[in-house]
Amino acid sequence: KTNISAKALPDLDLLECKDLYNNFIKGLTGGAGAKFDGTQINAMKTIIAYMKTQMKEPGAKVSTGLKVIFDNWDIIDPFLKNQTTLTQINSNLQNIIIQIKHNGKLTTTKEATIGRTKVSDLEKFRERYDNEESKQKRY
């Protein structure tokens, strides 16, 4: 009877997701693979842990959920689309998922708009400010 520690067994989720991410990066760069260091591996582990809590089907593979994200990368907004390191993806994962769920459109929810203000919102604010300012000058 062989006693194998859990550390000796490969983490299949991590291996599959690393391979999926590497292929995603190769597609973006025209062939150059992903850079994996300790920080990026830890980010991948965090992404995997989060994805495991979000999978709706019991026993669904985390790599399937990650593949959906990478397959829909083109529909997210340019800011998020340029965030391609695993640490950046991990930091923006909730916003990425929300945008994919809404076909790339920013929603009015706080989660989807935190950190980004649309130009149209700024224009509306400016109009309101100008209107308020002109009202005050009349009185």
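Reader: Where two helices pack, how should I read their arrangement, and at what angle do the axes of α1 and α2 cross in this model?

Author: The axes of α1 and helix α2 (residues 38-54) cross at roughly 110° and come within 10 Å of each other, in what is a predicted model. As a general idea, two packed helices are described by the angle between their axes and the distance between the axes. An angle of 65 to 115 degrees counts as roughly perpendicular, and α1 and α2 are therefore roughly perpendicular to each other. The crossing in which α1 passes α2 is right-handed.

Reader: Which residues of α1 and α2 meet there?

Author: A general point helps in reading such a list: an α-helix has 3.6 residues a turn, so residues three or four places apart point the same way. In this structure α1 contributes Asp13, Leu14, Cys17, Lys18 and Tyr21, which meet Ile41, Met44, Lys45, Ile48 and Lys52 of α2.

Reader: Let me take one residue from that list: is Ile41 buried or exposed, and with which residues is Ile41 in contact?

Author: Ile41, which is found in helix α2, counts as buried because its relative accessibility is 17%, and the cut-off for buried is under 20%. Apart from its neighbours within four places in sequence, Ile41 is in contact with Leu14, Lys18 and Phe36. For Lys18 a distance can be added, since the C-alpha atoms of Ile41 and Lys18 are separated by 8.4 Å, although the two residues lie 23 residues apart along the chain.

Reader: At what angle do α2 and α3 pack?

Author: The same two descriptors serve here: α2 and helix α3 (residues 62-71) pack at an angle of about 105°, and their axes are 9 Å apart. That angle makes α2 roughly perpendicular to α3. On the α2 side the contact is made by Met44, Ile47, Ile48, Met51 and Lys52, and on the α3 side by Val62, Gly65, Leu66 and Ile69. Met44, Ile48 and Lys52 of α2 are thus listed in the contact with α3, and they are also listed among the residues of α2 that meet α1.

Reader: Turning to a single helix, where does α5 bend, and which of its residues are buried?

Author: Helix α5 (residues 86-101) bends by about 65° at Asn92. The buried residues of α5 are Leu86, Ile89, Asn92, Leu93, Asn95, Ile96, Ile98, Gln99 and Ile100. Asn92 itself counts as buried because its relative accessibility is 12%, and, leaving aside its neighbours within four places in sequence, Asn92 is in contact with Phe79, Leu80 and Gln83. After α5 comes Asn103, whose phi is positive, near 55°.

Reader: How many helices and strands does the whole chain have, and what share of its residues count as buried?

Author: The protein chain has seven helices and zero strands, and of its 139 residues 28% count as buried. Of the contacts with a separation of 6 or more, 51% are accounted for by residues 24 or more positions apart.

Reader: Which elements have the lowest and the highest mean pLDDT?

Author: Helix α6 (residues 110-113) has the lowest mean pLDDT among the elements, at 40, whereas helix α1 (residues 12-29) has the highest, at 96. Over residues 108-118 the pLDDT is below 50, and this stretch has 16 contacts in the model beyond near neighbours in sequence. For the protein chain the mean pLDDT is 80, with 68% of its residues reaching 70 or more.

How values were computed. Residues numbered from 1 in each chain as written. Predicted model: local features only at pLDDT ≥ 70, side-chain atom pairs only at ≥ 80, totals over all residues. Heavy atoms only, no water. pLDDT = per-residue confidence, 0-100. Helix = DSSP H or I, 4+ residues; strand = E, 2+ residues; numbered from the N terminus. Contact = heavy atoms within 4.5 Å. Bend = angle between axes of the 7 residues up to and from the residue. Buried < 20%, exposed > 50% of the residue type's maximum accessible area, 1.4 Å probe, protein only. Axes fitted to C-alpha atoms, helices over the stretch in contact; angles between N-to-C directions. Parallel < 35°, antiparallel > 145°, perpendicular 65-115°, else oblique. Left-handed = near helix turned anticlockwise from the far one by under 90°.
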